[in-house]
Each structure stands twice: as C-alpha cells, then as structure tokens.
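Okay, thanks for coming, everyone. Let me put the model up on the screen, and then I'll talk you through it.

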Amino acid sequence: MLIFITMNKKEIISKAEEFVKEKMKNYDPGHDWSHVERVRNLAGIINSDLRADPFILDLAAILHDSADSKFPGGTRYDEIVNFLESSGQSAITARLINVIRNISFSNKNPEGDLNDPVYLVLQDADRLDAIGAIGVARAFSYGSYRKNKLYEPGDEHGGKPGTTIHHFYDKLLKLTELMNTEEGRRLAEERHRFLEKFLQQFYKEWNS
Ligand code: ADP
Ligand code: NI
C-alpha cells in the first residue's frame with residue numbers, strides 16, 4: 001500500500017513536470033524550466049524541518065509560474081484545476097490554487113490562507129531566485145525580453161519605472177525584508193549584499 005502511494009505521487013509529479021515544461025516554452029530564459037528547478041531545490045532547503053508537506057510543496061513549486069499572464073502560452077487557472085482534478089488531486093486543488101495565486105510580488109491584494117506553510121516556504125524560494133547573481137541575470141533577461149533600457153541616470157533616486165536597474169529599487173532590493181521564514185532570510189542576506197555590490201560597480205563603470 002505504501003509503495004502504491006509513493007509511486008502514485010511520483011507519477012503525479014512527472015505528469016506535472018511535463019504539463020509545466022510545455023507551458024513555459026515561450027517564457028523568457030529567466031522564467032524557464034531551470035527557474036522551476038532552482039525554486040524546487042531552494043524550497044526543499046528552506047523546508048528542512050518539514051513544516052510544509054514535501055509533496056504538496058513540490059507540486060506547488062512545479063506549478064507556481066505556469067499561469068503567468070506576462071507570457072504567451074501561460075496557462076489559465078482553470079487549466080491547472082483541470083490538470084489537478086484529472087490527476088486525482090481534488091483534495092488539494094483549492095489549496096494549491098490559493099498558494100499559486102498569492103505568491104506573486106505583483107499581487108497587491110493577496111487573499112485566502114496566507115499562513116499556509118507551503119505558501120510561506122515557496123514564496124521565499126521564489127524570492128531567493130530573484131536576488132543574488134541569478135536574480136541579476138534574470139532581471140536583465142526579462143528586461144531585454146521587454147526591450148527595456150538597462151538604466152537611466154536617476155533610477156537610484158526614484159526616476160521613472162521602465163529600466164531594469166529601476167526594477168532593482170521597485171522590487172529586488174525589497175525582497176530580503178519581506179522573507180517569511182528565518183532560513184529564507186538567512187539565505188537572502190548574502191544575495192542582497194551581492195545586489196548592492198553589483199549596483200555599486202555598475203554605477204562606477206557607468207560614471208567612469
Ligand atoms: P512575481 O512572480 O513575484 O510577480 P515576476 O514573475 O513579475 O515576479 O518576476 C519574476 C522575475 O522577473 C523578477 O524577479 C525579475 O527577475 C524579473 N522581472 C519582472 N519584472 C521585471 C522588470 N520590470 N524588469 C526586470 N526584470 C523583471
Ligand atoms: Ni517564479
């Protein structure tokens with residue numbers, strides 16, 4: 001019986017991997033399958049005390065960016081619901097949709113259960129991948145996908161949104177303070193210092 005349940009979960013995970021890989025094919029390189037893999041890995045590290053159910057957490061990590069409206073081909077929530085229900089996961093569908101909907105920084109009105117450990121851990125993992133060296137690479141990847149300028153003098157004092165460096169001030173430099181878990185914050189600190197160092201060097205070169 002135990003073996004059956006384990007195999008079943010494995011099967012659902014590989015079905016979800018296939019479902020998401022297809023959806024994310026047209027996303028930018030900062031939101032590709034490797035982002036999902038890094039987030040899964042980081043979520044596992046943050047969840048070392050297993051406060052969140054590892055199966056639900058992994059499934060949520062796999063699905064978390066599959067309904068991104070920024071990209072063509074991003075799925076709709078009802079497709080995720082269908083996928084989960086047809087995989088026999090009706091019991092956790094509402095919970096997963098709640099996590100995925102609320103995880104985004106751009107969602108200014110999160111609602112539902114915001115104390116779900118799956119949500120708290122996964123949001124931290126997603127935020128960690130937005131900062132540090134990988135965060136810098138992802139920001140410029142998305143900025144170039146949108147054809148945004150790298151920088152406009154004045155970005156560091158407010159300026160107008162629209163450049164990638166401006167995005168550091170709009171979002172990336174705020175993430176460490178917003179971490180939900182202690183482990184997430186601990187991991188964020190080194191990455192945050194790297195963002196500051198990167199900006200310092202960027203301005204030094206720009207102004208030389
Ligand atoms: P969330 O899922 O938290 O709303 P997004 O999917 O909007 O986050 O952003 C994920 C990553 O995409 C960011 O961490 C950043 O790397 C990049 N990104 C989003 N918006 C911008 C932007 N305007 N300029 C540069 N990078 C961006
Ligand atoms: Ni993400």
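I'll go through the metal site, the other ligand, the salt bridges, one helix, and then a few single residues.

Before anything else, keep in mind that this is a predicted model.

So, the metal. Which residues hold the nickel ion (ligand 2)? Its protein donors are His35 and His64, each through NE2, plus Asp65 and Asp126, each through an OD atom. Those donors lie 2.1 to 2.2 Å from the ion. If you want the pattern along the sequence, the spacing is H-x28-H-D-x60-D.

What about the geometry? The four donor atoms around the nickel ion subtend angles of 87 to 177°, and that spread is why the arrangement comes out as irregular. For those of you with ideal values in your head, four tetrahedral donors would give 109.5 degrees.

Let me stay with two of these donors for a second. His35 sits in helix α2, residues 33-46, while Asp65 is in the loop between α3 (54-63) and α4 (77-86), so this pair ties together parts that are 30 residues apart in sequence. Are those two buried or exposed? Both His35 and Asp65 are buried.

Okay, next up, ligand 1. There are 13 residues around ligand 1, and the closest are Lys70, Ser104, Phe105, Ser106 and Lys171. Lys171 also makes a polar contact here: an N or O atom of its side chain is 2.8 Å from an oxygen atom of ligand 1. On the nitrogen side, a polar side-chain atom of His167 lies 3.5 Å from a nitrogen of ligand 1. Then there's Ala139, where a polar backbone atom is 3.3 Å from a ligand 1 nitrogen. And how much of ligand 1 does the protein bury? Taken alone ligand 1 exposes 530 Å², and the protein buries 86% of that.

Now the salt bridges. The count comes to 13, and I'll pick out some of them.

Let's take Asp116 and Arg95. Their side chains meet in a salt bridge at 2.7 Å, N to O. Asp116 is in the loop between α5 (90-102) and α6 (117-128), and Arg95 is in helix α5 itself, so the pair ties together parts that are 21 residues apart in sequence. As for their surroundings, Asp116 counts as buried because its relative accessible area is 3%. Arg95 is partly exposed, with a relative accessible area of 31%.

Then there's a pair within a helix. Glu183 and Arg186 form a salt bridge at 3.0 Å, N to O. Both lie in helix α9, residues 182-206, and they are three residues apart, about one turn of the helix. That fits the general picture, because an α-helix has 3.6 residues a turn, so residues three or four places apart point the same way. Glu183 is partly exposed here, with a relative accessible area of 22%.

Another one is Asp49 with Arg51, where the closest N and O atoms are 3.3 Å apart. Both partners are partly exposed: Asp49 has a relative accessible area of 49%, and Arg51 has 40%. And if you like networks, have a look at Lys23, Arg76, Asp78 and Glu79, which are linked by salt bridges.

Right, on to helix α3. Eight of its 10 residues are buried, so α3 is largely enclosed by the rest of the structure. The buried ones are Phe55, Ile56, Leu57, Leu59, Ala60, Ala61, Ile62 and Leu63. At the N-terminal end, α3 is capped by Asp53, which has a side-chain oxygen 2.9 Å from the backbone nitrogen of Phe55.

Last bit: a few single residues. Where would you look for positive phi values in residues other than glycine? One is Leu50, with phi near 55°. Leu50 lies in the loop between α2 and α3, and it counts as exposed because its relative accessibility is 56%. Another is Lys147, with phi near 60°. Lys147 is in the loop between α7 (132-145) and α8 (164-170), and at 75% relative accessibility it is exposed too.

And finally Tyr119, over in helix α6. Tyr119 counts as buried, at 6% relative accessibility. Its C-alpha atom is separated by 16 Å from that of Ser66, and the two residues are 53 apart along the chain.

That's my tour, so over to you for questions.

Methods
Residues numbered from 1 in each chain as written. Chains lettered and ligands numbered in written order. Predicted model: local features only at pLDDT ≥ 70, side-chain atom pairs only at ≥ 80, totals over all residues. Heavy atoms only, no water. Donors = N, O, S within 2.8 Å, 3.2 Å for Na, K, Ca; no water. Tetrahedral: all angles 85-135°; square planar, octahedral: opposite > 155°, others 65-115°. Helix = DSSP H or I, 4+ residues; strand = E, 2+ residues; numbered from the N terminus. Buried < 20%, exposed > 50% of the residue type's maximum accessible area, 1.4 Å probe, protein only. Near = heavy atom within 4 Å. Polar contact = N/O pair within 3.5 Å; in protein donor to acceptor, adjacent residues only side chain to side chain. Areas by Shrake-Rupley, 256 points an atom, 1.4 Å probe, with all protein chains shown as cover. Salt bridge = Lys/Arg side-chain N within 4 Å of Asp/Glu carboxyl O.
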